[in-house]
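Hi everyone, thanks for making time this morning. I'd like to walk you through a few spots in this model, so please have the viewer open.

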Amino acid sequence: MKSKLLLDSMKGFVMINMRENSHLYHLHEMQYAAIAPLNMFAGASKLLHRNPFSPLTYTGFGRHMAAAAEVLERVTHRYGKPDFGILHTVMNGKHVTIYEEVVMEKPFCKLIHFQKYGKVKQPKLLIVAPMSGHHATLLRGTVEALLPFLDVYITDWIDARNVPMYQGEFRLEDYISYTVDFTKHLGPDIHLLAVCQPSVPVMIAASVLAENGGKLAPSSMTLIGGPIDTRVNPTKVNQMAETKSMDWFESNVITRVPFNYPGFMRRVYPGFLQLSGFMQLNLDRHIDAHKDLYKHLVQGDGESAQQHRKFYDEYLSVCDLPADFYLDCIEQVFQKHTLPKGEFVYKGKKVKPENITKTALLTLEGELDDISGLGQTEAAQKLCSSLPAKMRKHYVQKGVGHYGIFNGRKFRELVVPIIVEFVEKAEK
């Protein structure tokens, strides 16, 4: 048995799988290595032209050079995983200290609790973050906005390139199992909230927990901008996923982790490919944003420049997805539409959302969402056909796109009150 495992491992090292772009990740690493000197030069130039002891700092030429150097430094920088950095929240006008606590850990995920200092009794909310190329910290604003009202937990998915091969594979079914396990761990009085991609596995997990009388069923689930049924009002993202074959995805976007990471040889969908795809959807907007950064820096508008840095420090920080999970999502969610068709199978049994009777359902959509089109999340309402009207609600936030439905001013001022009210009403 051991000799067979050793032989299989050796084959993995010496054979090139012709169905995947095996050199893609290595080329990416080489590119960063090649531009590293340029990045260091840009950083040094920025410091030189901002040095208070340099006469150039106080000239127009110096400001232009410093601004250009910072923009160049940022576009050639490699962004690591950010911290949540949430140290406090404000409740009833008082600052309450927050500290992060890992309450459960699995090979591909950590369950984090934003613990409040002191005895604070609030409804428990588990935010199931997307495993879609960005870290869970992309939902920092979501967490911050909900903390004053709810006891918040979040799934912090681990970058697949940092998970060693011996931990095994990770598929869509595993994502569902993790969600089920986390929900059981936190108790039946937990409320689930899914942002975008995890809307599908969260709904499946709720369906699974509804079995056997629903003793383990969560109190409520809130689905935000999720692809429950992508046949409804399909977007460019949906169309691209549906028109390409599974062989195309295998050959063009799946690669292996290079040797300088713990997950060496793991098959992944790299985060940098996901990021490039999203940026191309609104390329002009991103180019204009960096032009504006240059102008703000020259004009000395530090506040606007800092807002740009804060957003792009997060947006440009990406992680890799396990290849099998990514391919499962493409096939099951975007091509075969197995959940809305009633054909999704979890651990050998068909998933039946109509069995959900004890979990209240809130669906939220953004009017201008160009990733999950209007009606795709609302489709969950029809699938949960056994829920009475008093246990369901649908809301469309006008004037926001995909990110505005879970982050930003309108989310804080208009959407959060709806979520909090719904959760409090669903408390058992």
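Let's begin at His 135, and please keep in mind that this is a predicted model. Which residues does His 135 touch, once we leave aside its neighbours within four places in sequence? The contacts are Lys 81, Pro 82, Asp 159, Ser 317, Val 318 and Cys 319. His 135 itself sits in the loop between β4, residues 124–128, and α4, residues 140–146. Its relative accessible area is 7%, so His 135 is buried.

One of those contacts, Cys 319, takes us to the cysteines. How many disulfides does the structure hold? Zero. For Cys 109, the nearest cysteine sulfur is that of Cys 319, 11 Å away, and Cys 109 is in no disulfide. Turn it round, and the closest cysteine sulfur to that of Cys 319 is the one in Cys 109; at 11 Å, that is too far for a bond. The cut-off here is 2.5 Å between the sulfur atoms. Are these two buried or exposed? Cys 109 has 0% relative accessibility and therefore counts as buried. Cys 319 is buried as well, because its relative accessible area is 7%.

Staying with cysteines for a moment, have a look at Cys 196. You'll find Cys 196 in the loop between β6, residues 191–195, and α6. Its phi is near 65 degrees, a positive value in a residue other than glycine. That's worth pausing on, because most residues other than glycine have a negative phi. Cys 196 has 14% relative accessibility, so it counts as buried.

There is another positive phi to show you, just after α12: His 337, at about 50 degrees. His 337 is not a glycine either. It lies in the loop between α12 and β11, residues 345–346. With 3% relative accessibility, His 337 counts as buried.

Now step back into α12 itself, residues 323–335. This helix is mostly covered, with 10 of its 13 residues buried. Among them are Phe 325, Tyr 326, Leu 327, Ile 330, Val 333 and Phe 334, and also the charged pair Asp 324 and Asp 328. What covers these buried residues? The cover includes the helices α5 (172–186), α6 (199–209), α7 (236–243) and α8 (246–252), together with the strands β9 (267–269) and β10 (321–322).

Next, a helix pair from another part of the chain. Helix α2, residues 24–48, packs on helix α3, residues 60–75, at an angle of about 150 degrees, and their axes are 8 Å apart. That angle is why we can call α2 roughly antiparallel to α3. From α2, the contact is made by Leu 38, Asn 39, Ala 42, Gly 43, Ser 45 and Lys 46, and from α3 by Met 65, Ala 66, Ala 69, Glu 70, Leu 72 and Glu 73. By type, the residues of this contact are six nonpolar, three polar and three charged. As for handedness, the crossing of α2 and α3 is left-handed.

Last stop: Asn 355, in the loop between β12, residues 349–350, and β13, residues 360–366. Where does Cys 384 lie relative to Asn 355? In sequence they are 29 residues apart, while in space their C-alpha atoms are 7.5 Å apart. Asn 355 has a relative accessible area of 33%, so it is partly exposed.

That's my tour, and I'm happy to go back to any of these spots.

Definitions and conventions: Residues numbered from 1 in each chain as written. Predicted model: local features only at pLDDT ≥ 70, side-chain atom pairs only at ≥ 80, totals over all residues. Heavy atoms only, no water. Axes fitted to C-alpha atoms, helices over the stretch in contact; angles between N-to-C directions. Helix = DSSP H or I, 4+ residues; strand = E, 2+ residues; numbered from the N terminus. Parallel < 35°, antiparallel > 145°, perpendicular 65-115°, else oblique. Left-handed = near helix turned anticlockwise from the far one by under 90°. Contact = heavy atoms within 4.5 Å. Buried < 20%, exposed > 50% of the residue type's maximum accessible area, 1.4 Å probe, protein only.
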